[in-house]
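This report describes the two chains of the model shown below, and then the contact between them.

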Amino acid sequence: MDFNDTPEEAAFRKEVRTWLDANATRKSEDKQSFRARNDDPELLAKAKAWQAKKAAAGYARITWPKEYGGRGGSPILQVIYQQEESNYLVPLGFFDIGLGMCIPTMMAYATPEQLKRYVKPALHGEEVWCQLFSEPAAGSDVAGIRTRAERDGDGWVINGQKVWTSGAHYCDYGIIITRTDPSVPKHQGLTMFFLSMKTPGVEVRPIKQMSGGANFNEVFFTDVRVPDSQRLGKVGEGWKAALTTLMNERLAVGMPSGGLDVDELMELARDTELEDGPAIRNQQVRSRIADWYVQQQGLKLTRYRTLTALSKGQTPGPESSIIKIVAAPKMQDMGAFAMELMGPAGIMKEEVPHAAGFQAQWIGGAGFRIAGGTDEILRNIVAERVLGLPADVRVDKDVPFNKMGTKG
Amino acid sequence: MNFDFSDDQKLLKEQVRKFLADKCPTKVVRRVLDGDETHADEVWKGLIELGVPGTAIPEEYGGLGLSPLELCVVAEEIGRAAAPVPFDSSVVLATEALKLAGSDGQKKKWLPALAAGRATGTLAIAEGPQPPKPRTTRTLFGGGRLNGKKLPVVDGEVASFAIVLANTGGQGERAVSLVLVDLAQAAVARKRVETIDPARKHAELTFKDATAELLGAEGEGWRTLERLYDAAAVYFAFAQVGGAEAAMWMARDYALQRQAFGRPIGSYQAIKHKLADCYVKLELARSNAYYGAMMLTDGGADLPLAAAAARIAATDAYDFAAKENIQTHGGIGFTWEADTQFHYRRARVMALALGGPMAWKDKLVSRLEQKNAA
């Protein structure tokens, strides 16, 4: 057992490092990272420029086939690139959904001409894509969407509303799942399209989140006309297409990086004086620190197991399905505990070192437990796919959508 | 990145697993639990034939000379089967203690016998109530004579020798030393003690002027014990991971089969999420255990921290899976006939044997502080 690269991996890492050194600035020792804030227009411009540079050098999508601008490389090389890139001050996060979810769905269903038109600009950061799936009444149960697409001549007319659409306010294109036949059970009446976000009738309204940021949007569709040529997959087979997209989501959402962790919590516990001495000497505090350290290590090492499988060219086991289940509540709980250590001042944004960082984790953790599969949905997935337990009872499974009782 | 066991190691694991599935099904565990046997001797003999006791004993002392990684995969299978054999006592604790602190003469005398299965050993630390500590250790060693009482001692009835923590008169931590005592002498009395897990028999050992000798230097007992426990924590973690996995699948199988309110109970989220949590804890434990194994094999500086993390995660995973296995079974899971009790009992025995989670969490943070200060 070792954590070493194979000779091929080591050579690639060296190549990547040389390229990054020549093209980007290495992060300094402090953990102040250049976190993508999607609502800063200047950052988007910088991110597009960085993406273009990466794509020109062949690092933008290492696992994609060469014909699409990739390198036909193994997933482990993609991971190595990302590991190295995370040490540099570069703006990231704008293209994950487009390149991780939308374009792969296009590759599965679009025509060669369409791929010729859309893949390259997406890869080079010229056009940004979003995913229009969730709706106010369809979150975890995303097949319950109501946005309609109705036939009209050689095209379709879309009416309805999407929500939680990351980046819709700066995106150029999107893939959308619609209901084309309400007279059949919900999974059967869906059809997928792609469209320009500039199409008349598309209106984007940012949602201000609890964290203060505004990465998400509501998107309204009023008589939006889409030609039939922009349909992805067959009519009524939108669910199948959506699964292609969603399969990639949990990988795209991934792990929040650069957050405060056990090291900073220990620092805080050393600097905090309780009645009977420094907090780090308190057994309750030590017990919590130990639990989170075990989780932090467990997550890191579990990723190493997954990487090992990738490195050996094997399909990783199901172990990575635990990552978000552990990481999200840990982020929330550790943030709350750190604030408690600070005493009443824990509510203030300044004064105490790391206060803002831990508060951000406490707030952000609440969202992270929901995004890209809630804690509950992820437990269902582990129970069903790993342990082979039965799927939840779906009382609406065979009921035509327009006969379903719940209209909430 | 190569954070996995090799194909050969997986093959060994599969071999031990098959052997135990065949020769040590739950009815064997039940036989020992219900009966008077000290252990399942036919299973132990089979394991000796497979070479298990000598796995990590160097070839010069008659062992197979394999690495800790091989012993880790074996431990996982012993744990999965909840096998009633002197593995933790002899193959892990006594063997590792000899390897860590034994003189060449002591190793020559005992390691080949352990490897060949002619002898077994055990570790005798506790003296009844109160967690063991240097200043409260009353068993005395001096002038080659050992006096005192140790309990509970796992496999104390059958072990050929014991490694005993004894007071040798120094100050503070240096008050205690490890002492090797041959148990086949009239000055040693052995008596079975009742415990929560009759499938692993424990004994009280009384020494009255028993002939004994130091294992390692005088006054080094506590420090050696700490190092021994780090190694043992890793092997125990693998056994706990194996046990946790067995308990989880037992619960899952029952949840698929048992119907309530017109459908399998495994289709209810209260059960599904509980079992998903078993899996989450199991994988955290497995990953931490792997790192412990890697540090143990490399002699890595990170071993104390890795061992503590492995110990905490594995104890949590096994305790949780064992108790939720009973809960998933409902009333039938609480009967003497049910197999659920084996893991519930074993999980607690293993949790307490090297010191419980509270002690290890404190130890982990101390080690983290040392590492950060370095």
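In this predicted model, buried residues account for 57% of the 374 residues of chain B. Of the contacts in chain B with a separation of 6 or more, 74% join residues 24 or more positions apart. The secondary structure of chain B consists of 11 helices and 9 strands. A compact globule of 374 residues would have a radius of gyration near 21 Å, so the 20 Å of chain B agrees with that expectation.

In chain A, buried residues make up 37% of the 408 residues. Residues 24 or more positions apart provide 69% of the contacts in chain A with a separation of 6 or more. Chain A contains 12 helices and 10 strands. Its radius of gyration is 23 Å, which agrees with the value near 22 Å for a compact globule because the chain has 408 residues.

The extents of the two C-alpha traces along their principal axes are listed here.

| Chain | Approximate extent along the principal axes |
|---|---|
| Chain A | about 75 × 50 × 45 Å |
| Chain B | roughly 75 × 50 × 40 Å |

The domain assignment divides chain A into domain 1 (7-94), domain 2 (129-236) and domain 3 (254-373). Between the C-alpha centres of domain 1 and domain 2 of chain A, the distance is 30 Å.

The contact between the chains involves 36 residues from chain A and 36 residues from chain B. On the side of chain A that touches chain B, the elements giving two or more residues are H9, helix H10 (323-341) and helix H12 (375-386) of chain A. H9(A) supplies the largest share of this side, with 17 residues. By class, the side of chain A that touches chain B comprises 20 nonpolar, 10 polar and 6 charged residues.

One helix pair across this contact can be described in detail. Helix H9 (residues 283-311) of chain A and helix H8 (residues 269-298) of chain B have axes that come within 8 Å and cross at roughly 80°. H9(A) is therefore roughly perpendicular to H8(B), since angles of 65 to 115 degrees fall in that category. From H9(A), the residues that take part are Val294(A), Gln295(A), Gln297(A), Gly298(A), Leu301(A), Thr302(A) and Arg305(A). They meet Glu283(B), Leu284(B), Ser287(B), Asn288(B), Tyr290(B) and Tyr291(B) in H8(B). The contact of H9(A) with H8(B) has 5 nonpolar, 6 polar and 2 charged residues.

Methods
Residues numbered from 1 in each chain as written. Chains lettered and ligands numbered in written order. Predicted model: local features only at pLDDT ≥ 70, side-chain atom pairs only at ≥ 80, totals over all residues. Axes fitted to C-alpha atoms, helices over the stretch in contact; angles between N-to-C directions. Helix = DSSP H or I, 4+ residues; strand = E, 2+ residues; numbered from the N terminus. Parallel < 35°, antiparallel > 145°, perpendicular 65-115°, else oblique. Contact = placed C-beta atoms within 7 Å. Nonpolar A, V, L, I, M, F, W, Y, C, P; charged D, E, K, R; others polar. Domains from an automatic or database assignment. Rg over C-alpha atoms; globule rule 2.2 N^0.38 Å. Buried ≥ 20, exposed ≤ 12 C-beta atoms within 10 Å, placed from the backbone.
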